[in-house]
Amino acid sequence: MKQVDFRNKEELDNERFPVHYGVQSPGKAKRLSSCKRKGCPLVEVGLKLQRKTSDVGRARKPGMANKENELTCTDDARGMHHNDNCGLPVNSAEASKMAGASSKYRDFTELAKDHEAMTHILFGRNLRLKVAQTLWRRNASELVAYLIRIEDTGVLLDCLPVLTNNLQTEAPYLSLGCCVDLMPLVKVILASKYEENIIVGLHWVQSVIRKWWPELSKNEKRLRDSSSEDRNVEVMKQRLKDLWKEGARLCLVPGSTGELAKAIESYLSQLP
């Protein structure tokens, strides 16, 4: 007959390991049985197991192991979800954008057409830059005339930093007349919605003001029969004032753009 164990529940719970611990490996079971055969006290074996296994002997409430397992699974699932979402949209709006971008091309023909168009644009821009470089080496006024004729904002943005650096030298290639002619193009750049473009234009304007500030700040009315340089000073002075009627808003832009605009405004406020 099958023998019934009449021990109470507390005794059984005390002998039972917590639910969330794994089953002992066969190797450990063999070591335990061999230790018993050698007469090793059971208390020592329990202490060894306690040292090897964390949390053995810690008081636990009923169902605590299951709660810990649920928390662990939730954390693991959250971590896996975070790792899976790295670099991916986190909301439906961004997901739809990604879906739209991925479904833009129906086949390789359309993709090749877009690449070909971009290659054509870059090739044309590079060709114009080579022409600009040749004209710059020949005569600065020819370069300015070329930039005005092609009306290419991209090429102008590429050339302006070079012109700005040249204005900071003792003997620049650019004359005040060339700068007067470039002012309308720079005005378009300052109206751009891209901050990087605006900064390029502001640096050029600042260099022009600093280069000819002694002439611009003089409170003398040039006569019509005066030299061309004197007339250019008057024209530049007026164009700077007209420019800043719209450019004053740039002083409200936070960061380096606003600081640069304020520095320019400090000069223009002193113009006679």
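## Report on an all-helix chain

The side chains of K245 and D242 form a salt bridge, with 3.6 Å from N to O. Because K245 and D242 are three residues apart in helix α12, about one helical turn separates them. K245 is exposed, at a relative accessible area of 67%, whereas D242 is partly exposed, at 29%. The model described here is a predicted one.

**Salt bridges**

The whole structure holds five salt bridges. Among them are the pair just described and the two others set out in the table with it.

| Salt bridge | N to O distance | Accessibility |
|---|---|---|
| K245 and D242 | 3.6 Å | K245 exposed, 67%; D242 partly exposed, 29% |
| K237 and E234 | 3.8 Å | K237 and E234 both buried |
| R138 and E142 | 3.3 Å | R138 exposed, 55%; E142 partly exposed, 32% |

K237 and E234 also lie in helix α12, where three residues, about one turn of the helix, set them apart.

**The chain as a whole**

What kinds of elements make up the chain, helices or strands? The chain has 13 helices and zero strands. Of its 272 residues, 26% count as buried. Among contacts with a separation of 6 or more, 65% are between residues 24 or more positions apart. The chain has an accessible surface of about 19,700 Å², and carbon and sulfur atoms make up 55% of that surface.

**Helix α10 and its neighbours**

Helix α10 covers residues 195-211. Its 17 residues should span 24 Å at 1.5 Å a residue, and the C-alpha atoms at its ends are 24 Å apart, so the two values agree. The buried residues of α10 include N197, I198, G201 and L202, as well as W204, V205 and Q206. S207, V208 and I209 are buried in α10 too.

Which helices do the buried residues of α10 pack against? They pack against α8 (153-167), α9 (176-190), α11 (213-216), α12 (228-247) and α13 (256-268). One residue of α8 is T164, which counts as buried at 6% relative accessibility. Leaving aside residues up to four places away in sequence, T164 touches H203, W204 and S207. W204 and S207 are among the buried residues of α10.

**Aromatic pairs**

There are two aromatic pairs in the structure. In one of them, W136 and Y173 meet edge-to-face, with 5.2 Å centre to centre and 65° between the planes. W136 belongs to helix α6 and Y173 to the loop between α8 and α9, so this pair ties together parts that are 37 residues apart in sequence. W136 is buried, with a relative accessible area of 17%, while Y173 is exposed, at 56% relative accessibility.

The other pair, W213 and Y267, is edge-to-face as well, with 5.1 Å centre to centre and 75° between the planes. W213 in helix α11 and Y267 in helix α13 are 54 residues apart, and their pairing links distant parts of the chain. W213 is buried, with a relative accessible area of 17%. Y267 is partly exposed, at 24% relative accessibility.

**A nonpolar surface patch**

Which residues form a nonpolar patch on the surface? M118, I121 and L122 do, and together they have about 310 Å² of accessible area. M118 sits in helix α6, which runs over residues 108-138. At 47% relative accessibility, M118 counts as partly exposed.

Note on methods. Residues numbered from 1 in each chain as written. Predicted model: local features only at pLDDT ≥ 70, side-chain atom pairs only at ≥ 80, totals over all residues. Heavy atoms only, no water. Helix = DSSP H or I, 4+ residues; strand = E, 2+ residues; numbered from the N terminus. Buried < 20%, exposed > 50% of the residue type's maximum accessible area, 1.4 Å probe, protein only. Contact = heavy atoms within 4.5 Å. Areas by Shrake-Rupley, 256 points an atom, 1.4 Å probe, with all protein chains shown as cover. Patch = residues over 30% accessible without salt bridge, like charges linked within 9 Å, V, L, I, M, F, W, Y side chains within 5 Å. Salt bridge = Lys/Arg side-chain N within 4 Å of Asp/Glu carboxyl O. Expected span 1.5 Å × (residues − 1). Phe/Tyr/Trp six-rings, centres within 6.5 Å; stacked < 30°, edge-to-face > 60°.
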